[in-house]
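Trainee: Can we go through this one together? I'd like to start with the backbone and then move on to the ligand.

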Amino acid sequence: MADIITTAPDGTLRVPDEPIIPFIPGDGIGVDIWPAARHVLDAAAARHGHRIAWLELLAGQRAYDQTGTWLPDETVAAFRHHLIGIKGPLTTPVGGGFRSLNVALRQILDLYVCLRPVRWFEGVPSPMRYPEKVDMVIFRENTEDVYAGLELEAGTAEAKRLIDYLRDEFGWQVRPDSGVGIKPVSETASKRLVRAALHYAVQRKRRSVTLVHKGNIQKFTEGAFRAWGYELVREEFADVAVSWEDCQGEPGDRILVKDALADVTLQQVITRPDDFDVIATTNLNGDYLSDALAAQIGGIGIAPGANINFVTGHAIFEATHGTAPRYAGLDKVNPGSLLLSGVLMFEHLGWQAAADDIVAALEATIADHIVTYDFARLMEGATEVKCSEMASAIVDRL
Ligand code: NAP
């Protein structure tokens, strides 16, 4: 019987045989990629004796058209109640009182980790000479940094008050015609993010965690992120991990925790991708890095994402691309991003075998050169199929 997912007192998830999982199909190409992804997810789940009771929620354009609000309270309440959910892309309302619906959901549910695994599938066109060396997992802090939304517009009375205050109290000279923003980076948020990355690295037997920051310039925000990360390794992970600073010689079986400047990282993920494994980083760095890495393995049509709070158990898995309105309803785009987000969701639920099946079937489909337009235009000898046909081809190979 269908039932909700709960958490045990130790924080682990209790997943019933038939969990109720809320979903938002998404705006634009959501009408194409959601049915395709769901087709594969249901088929893979069934092969392993699982069944999902899907619960549709409203958000984005469809919610606005039907209810006059972009993010109805019932939708947030349902995600809160059911813990785990999945969503397609949502239109960002212009002047709707939201910076972005995705950012709003992350903040309301305190989904503090943005998880973005980036790996290459053999046969996918890539600008890299050795794309097989790209296998990284990004843990991007999701709640603070310049995304906290603490900004004042140039010329407003509020901006003037803050600029005056900074001059009078701190002696800081900020040009009077400036917009001003605050970049908070806390010990609490930094440590819980790095803790999540380290737990992941331990569970998945990864070899290193790199703290990516811009601490040479922003010493008390980005630099502090690095320092708190290393402190956490000493405080909580000394038996399984060692920091670069404390490592004499080889790390042995322990996970090596190192750090790198964000600008250098953007170079080195291209010149020596195999130096990077799990990456833990602040919000803005993580944003740039996720998209740059996605480009290395074939673009955003196939890069999955998840937003997770590992303490409360809340998580929303989501396609990382937007609504691509000009392709909406054409049954044309790549369902890979949403499908692989579903794979992350299965892994999170403990349905590893079903998740592995989907990845293997997707690999086999691409190996047979059956792909959507985005890959077909870059691959020789490809058979271009529709979004729904891609899903059927994957199901045939499960
Ligand atoms: P976009 O929707 O991501 O589309 C940009 C381009 O990326 C497309 O034209 C297409 O490139 C490619 N693309 C995206 N999804 C694809 C897929 N599944 N398969 C193959 N190619 C894909 O970005 P945008 O046009 O800048 O944004 C449109 C709307 O989406 C905006 O309202 C934006 O705010 C919103 N958005 C939402 C989210 C979210 O909900 N998570 C994220 C980003 C943007 P080609 O034309 O070259 O083939």
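Trainee: What phi does D110 take, just after α4?
Mentor: D110 has a positive phi of about 50° there. Helices here are DSSP runs of H or I with at least four residues, strands are E runs of at least two, and both are numbered from the N terminus. This is a predicted model, where local features need pLDDT of at least 70, side-chain atom pairs count only at pLDDT 80 or more, and totals for chains, interfaces and linings use all residues. Residues are numbered from 1 along each chain as its sequence is written, and side-chain values use heavy atoms, with hydrogens and water left out.

Trainee: And α4, how many of its residues are buried?
Mentor: Helix α4 (residues 101-108) has 6 of its 8 residues buried, so it is largely enclosed by the rest of the structure. Buried means under 20% relative accessible area, exposed is over 50%, and partly exposed is in between (1.4 Å probe, protein chains only). The buried residues are L101, N102, V103, A104, L105 and R106.

Trainee: What do those pack against?
Mentor: The buried residues of α4 pack against α3 (73-82), β6 (84-87), β8 (135-141), β15 and β16.

Trainee: Back to D110. Which side chain has a polar atom 2.9 Å from the backbone oxygen of D110?
Mentor: That of N309. A polar contact is a pair of N or O atoms within 3.5 Å; within protein, one must be able to donate a hydrogen and the other to accept it, and residues adjacent in sequence count only if both atoms are side-chain atoms.

Trainee: Where is N309 placed?
Mentor: N309 is in the loop between β15 (304-308) and β16 (315-319). With 3% relative accessibility, N309 counts as buried. Neighbours within four places in sequence aside, N309 is in contact (heavy atoms within 4.5 Å) with L109, D110, L111, Y112 and H314.

Trainee: Switching to the ligand. Which residues come nearest?
Mentor: T92, A324, R326, Y327 and Y373, out of 22 around the ligand. The cut-off for being near is a heavy atom within 4 Å.

Trainee: What about polar atoms of R326 and N334?
Mentor: A ligand oxygen is 2.6 Å from an N or O atom in the R326 side chain. A ligand nitrogen is 3.0 Å from a polar backbone atom of N334. The protein buries 69% of the 880 Å² that the ligand exposes when taken alone; those areas are Shrake-Rupley values with a 1.4 Å probe.

Trainee: Last one: how many disulfides?
Mentor: 0 in the whole structure, with a disulfide being a pair of cysteine sulfur atoms within 2.5 Å.
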